[in-house]
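Please keep the viewer open beside this text and make each selection as it is named. The tour moves from pockets to single residues.

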Amino acid sequence: MDYYYSLVSPPCQSAILVAKKLGITLNLKKTNVHDPVERDALTKLNPQHTIPTLDDNGHVVWESYAIVLYLVEKYAKDDTLYPKDPKVRSVVNQRLFFDIGTLYKQLIACIHTVMKKEQPTEEQQEKLKQAIELLEQFVTERPYAAAAHLTVADICLLGTVTALGWLKYDLEAYPHIKAWVARVTAELPDYADFRKDVDETTKAFMASRK
C-alpha cells in the first residue's frame, strides 16, 4: 500500500500509527503538495491533491479518518480499535468528529497564526482552551477517550494533542490528558522512535519557515 504523507501533519501521523498497531507495512511516500510536480502526480490519484492519501492496490482513499477506518475495517483481526457495538462506536465517532471539528480546528487556527509570525488572538486562545478542557473531561470520565480500552479515537486525538508542542502549550493544568498520553503511547509499537522522527521533521520544517 502506497501512503502519501508529510510527517509534520498530525492527520498524516494517525494512519501510520494505526498501521503500526495493526502490523501493516505502508510504503511511505513523503509528499510536498506545494511542489508542482509532486502535486500533479498526486492529483492523478486524488483530485483534491491532499495528504494523506492511501493507494491500496488501486483503491484510493483520502481524508485521514477515512483512511484510518478503512485500514481497521479491512485489516484488523477484531473490533477492539473500532468496536462494532453501536453505543460504543457512536462515542468513538463522536470523539473523532470532536477532534477534526473542534480540537484540531482550533489548534490549526492558532498554528497558522503563529506561522504568520503573529500571536493567536484572545478568542482563538479561548476556543482552544475550551476544546482542551473538553478532552480533559473525556479522559477523566474513562481511561481512554471513548472506551475502557484503546480505540482509533485515541490514536487520532494523540496527533492533535502532541501537536500542541508547536505552540509550546503547557499541559500541567490537565493531569488526566498527560496520563492519557502516557497510557496511549505505551500501547503503540515503536512510538518513541516515531515521536523522535516527528519532532526532528517538525523542527526542520519550522527552521525552514524562519
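Which helices each supply at least two residues of the lining of the largest pocket? In this predicted model, they are helix H1 (10-22), helix H3 (64-75), helix H4 (86-115) and helix H8 (191-208), and selecting these four ranges is a good way to begin.

**First stop: the largest pocket**

With those helices coloured, turn to the space itself, which has a volume of about 930 Å³. To find its centre, select Ser6, Val8, Ser9, His34 and Ile51, which lie nearest to it among the 30 residues of the lining. Then highlight H4, since the largest share of this lining, six residues, comes from that helix. If you colour the lining of the largest pocket by residue class, you should find 17 nonpolar residues, 10 polar ones and three charged ones.

**Second stop: the second largest pocket**

The next pocket to display is the second largest, with a volume of about 260 Å³. Its lining consists of 15 residues, and the ones to select for its centre are Thr162, Gly165, Trp166, Asp199 and Thr202, which are the closest to that point. Two or more residues of this lining come from each of H1, helix H6 (152-162) and H8, and of these H8 gives the most, with six residues. Coloured by class, the lining of the second largest pocket shows six nonpolar, five polar and four charged residues.

**Third stop: Gly165**

Stay at the second largest pocket and select Gly165 alone, which you will find in the loop between H6 and helix H7 (175-185). Is Gly165 buried, partly exposed or exposed? Its relative accessible area is 47%, and Gly165 is therefore classed as partly exposed, the class that lies between under 20% for buried and over 50% for exposed. Now add Asp199 and draw a distance between the two C-alpha atoms: these residues are 34 residues apart along the chain, and their C-alpha atoms are separated by 9.4 Å.

**Last stop: Asn46**

Finally, select Asn46, which sits in the loop between helix H2 (36-43) and strand E3 (53-56). Because its relative accessibility is 0%, Asn46 counts as buried. Which residues does Asn46 touch, not counting those up to four places away in sequence? Show Thr53 and Trp62, which are the residues that Asn46 touches on that count. With Thr53 in view, look at the two side chains, where Asn46 makes a polar contact with Thr53 at 3.0 Å.

Key
Residues are numbered from 1 along each chain as its sequence is written. This is a predicted model: local features need pLDDT of at least 70, side-chain atom pairs count only at pLDDT 80 or more; totals for chains, interfaces and linings use all residues. Side-chain values use heavy atoms; hydrogens and water are left out. On a 1 Å grid over the protein atoms alone, a cavity is a set of points where a 1.4 Å probe fits but cannot get out, and a pocket is an open set with protein on both sides within 12 Å along at least five of seven lines; lining residues have an atom within 4 Å of a point. Grid points are joined across faces, edges and corners, and a volume is the space filled by probe spheres set on the points. Ala, Val, Leu, Ile, Met, Phe, Trp, Tyr, Cys and Pro count as nonpolar, Asp, Glu, Lys and Arg as charged, and the others, Gly among them, as polar. Buried means under 20% relative accessible area, exposed over 50%, partly exposed in between (1.4 Å probe, protein chains only). A polar contact is a pair of N or O atoms within 3.5 Å; within protein, one must be able to donate a hydrogen and the other to accept it, and residues adjacent in sequence count only if both atoms are side-chain atoms. Contact means heavy atoms within 4.5 Å.
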